[in-house]
Amino acid sequence: MRMILAVMYREYRMRTTSMTWLFYDLFMPLTYLLLFGIGLDRAFSGGIALQGGTVSYNAFFLAGVLSMASFGIAINTSYGFFVDRENGIFYEFLTYPMTRSQFLIGKILFNCILSLIQATITVSLGVALLDIPVRWARMGALAPGIIIGTAGWFFFLTSFALRIRRNDMFNTFINVAYFMLMFASSMFYPVEALPPWLAAIARLNPLTWHTDVLRYATIGLGADQSVLLEALAFVLFLFLSFLAAVWTLRRGVLR
Amino acid sequence: MNRSTPAIDVRDLVKLYRRKSGHSVRALDGLSLRVEQGEIFGLLGRNGAGKTTLLRILTTLIHPTAGSASVMGLDVVEHPYEVRKRICTVLQENAVELYLSVADNLATYGRFQSIPPRDIKQQVARVLEQFELDEYRNQKVIDLSGGLKRRVQVSKVFMVNRPVIFLDEATTGMDPINKRATIEAIRNQARLGRTIFLTTHILQEAEELCDTITIIDHGRTVAQGNLQTIKSLSSRAFDMSITFDELTDVILHDLEQLPLLKLTHKHHTAEICVKGSELSALSILKTLAERYTILHFEVGRATLEEVFLEILGQDDGEEIPP
């Protein structure tokens, strides 16, 4: 535990060296919701028809913004491997008295806390400024949804960040992966509204699973059973990504 | 830990790097060595000889292809976590937190090394003073010169008391005063019973510091032992300093014809390093004395650098990428 705390402390010190960075991390999703969300809310003033009723676009998009924010923090954290490699300190870390798992868990735990603060700000101000009708009774699922989501995406990206040596290559990879995952998911629109081929792809996309869980936790949309299935699928995705990340750290960093 | 257990024990170590082209590069080729506890050990070799590869294996960064290596009796492949609890490392690359202050760099390192938070402040103050970094304590490392960055990196390992310290080209980039302070700090640590594993290109530093030395080339040991043994392993080399009444071009031409490892001259003094027995060194001196007027001469054992050049200077091996 001491080692995990040491990694968390280091992440905290690094993040707080730049207030701009911290501000961006905490308030960017809200800005996204206020600008992009409001614009689309006006464009779809009749709301989005779902499960026999309609919800405003702002309400629908809240979960999309939260999953996007988790993904964003995971990208920033995995990008940290490049910064550490450039500073030369990455390999020194690997000689410190800690296991590879402790290193990865410590790195993401601090950022999960950041994600939770970010989600609290986004949901609170979303409710206060945009009248988003959240279902407080289901809010208990939000914190695990945010933590598991952020960690899952971080572990997923870690294997690539460790294997790809070039910064520009990783940027390209992130852009392509993010673009594909984001638009073939339920982040911006309901999967039911997509053409069958795209809907099929979206249903296999972990970003859809994550977004659907967060939508269930915030505005209560989705059937209990299907959301539970998606949550379990995402936990499996997290577990496999974690194993791959640890394996890469053990064997694939320097060969 | 039993004192008779070697601090580092390497047996028949092989490391192959597989290239995308399909062929393999043999960075270590059956290397064996043993470092006793409390020793200052120097690993020498030209670029690409396998020094960094060996260091990476011993610090658990990579796995060997074959053979075994242990630190304080613990196999580096079987018990990497336990090994990491017993070592601290200064790698060749600059490894500092650029956006943290000097004091925060040390404090963060202390946490990773399990120093209790209440003791960290005290340890940071001690190390800052020891390495004359106090005036920079609140400066971000990114704003420091290269030499100071290196000093911050090296000073970190003196925060903790691990049995084995690995130093890869630790004094590179430091000015002579800091280099001297670092060498002194290393000596003090060895006196306290810590084992120092040092790789360096600065042979004078190795000569000054190390109890035992191993010279490797192409991933194999070519010489091993204490300084005297290493020197005697070479086909004997002697340093001679000869002052003539006048050092003419004719004398220099004559000297150039001799089988020398080194020839330099200043004013009327020629500094040469002779390869051969003591007799051949004296014979050269006698020949020169018969032909020219010698005002003064000194004969001494060759430096480690000359022995190193003699042992390794014969062939140009394939460079192995770091």
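**Exercise 1. Place A:Leu22 in its helix and determine whether this residue is buried, partly exposed or exposed.**

Solution. A:Leu22 belongs to helix H2 of chain A, in a model that is predicted. The next step is to count its surroundings: there are 14 C-beta neighbours inside 10 Å, and A:Leu22 is therefore classed as partly exposed, since a buried residue would need 20 or more and an exposed one would have 12 or fewer. Once neighbours within four places in sequence are set aside, A:Leu22 is in contact with A:Arg15 and A:Thr16. Finally, A:Leu114 is separated from A:Leu22 by 92 residues in sequence, while their C-alpha atoms are 9.0 Å apart in space.

**Exercise 2. Describe how helix H2 and helix H5 of chain A cross, and state which residues meet.**

Solution. Begin with the geometry: the axes of H2(A), residues 19-43, and H5(A), residues 100-130, come within 8 Å of each other and cross at roughly 35 degrees. The crossing of H2(A) past H5(A) is right-handed. Then list the partners: H2(A) contributes A:Asp25, A:Leu26, A:Phe27, A:Pro29, A:Leu30 and A:Leu33, and these meet A:Leu114, A:Ile117, A:Gln118, A:Ile121, A:Thr122, A:Leu125 and A:Gly126 of H5(A). Sorted by character, the residues of this contact comprise nine nonpolar, three polar and one charged.

**Exercise 3. Work out the strand order of the six-stranded open sheet in chain B, and explain why one side of E6 and of E10 is left without a neighbour.**

Solution. The order in chain B is E6-E7-E8-E3-E9-E10, and the pairing is mixed. E6 and strand E10 (220-226) stand at the edges with a single partner strand each, so one side of each has no neighbour in the sheet. Neighbouring strands are turned against each other by 15 degrees on average, with direction ignored. Within this order, E3 (residues 40-44) and E9 (residues 212-217) of chain B pair in the parallel sense over four bridges, and B:Phe41 stands opposite B:Thr212 in E9(B). A helix completes the picture, for H6(B), residues 176-191, lies across E3, strand E7 (164-168) and strand E8 (195-199) of chain B and runs at about 145 degrees to E8(B).

**Exercise 4. Characterise the side of chain B that touches chain A.**

Solution. The contact takes 25 residues from chain B and 19 residues from chain A. On the chain B side, the elements giving two or more residues are helix H2 (80-84), strand E6 (87-90) and helix H3 (102-112), with H3(B) supplying the largest share, four residues. By residue type, this side of chain B divides into 11 nonpolar, seven polar and seven charged.

**Exercise 5. For A:Asp131 and B:Glu132, find the sign of phi and the loop in which each residue lies.**

Solution. As background, most residues other than glycine have a negative phi. A:Asp131 has a phi near 55 degrees, a positive value in a residue that is not glycine, and its place is in the loop between H5 and helix H6 (142-163) of chain A. With 10 other C-beta atoms within 10 Å, A:Asp131 is exposed. In chain B, phi of B:Glu132 is likewise positive, about 50 degrees, although B:Glu132 is not a glycine; its loop joins helix H4 (117-130) and helix H5 (146-156) of chain B. B:Glu132 has 14 C-beta neighbours inside 10 Å and therefore counts as partly exposed.

Conventions:
Residues numbered from 1 in each chain as written. Chains lettered and ligands numbered in written order. Predicted model: local features only at pLDDT ≥ 70, side-chain atom pairs only at ≥ 80, totals over all residues. Axes fitted to C-alpha atoms, helices over the stretch in contact; angles between N-to-C directions. Left-handed = near helix turned anticlockwise from the far one by under 90°. Contact = placed C-beta atoms within 7 Å. Nonpolar A, V, L, I, M, F, W, Y, C, P; charged D, E, K, R; others polar. Pairing = 2+ DSSP bridges.
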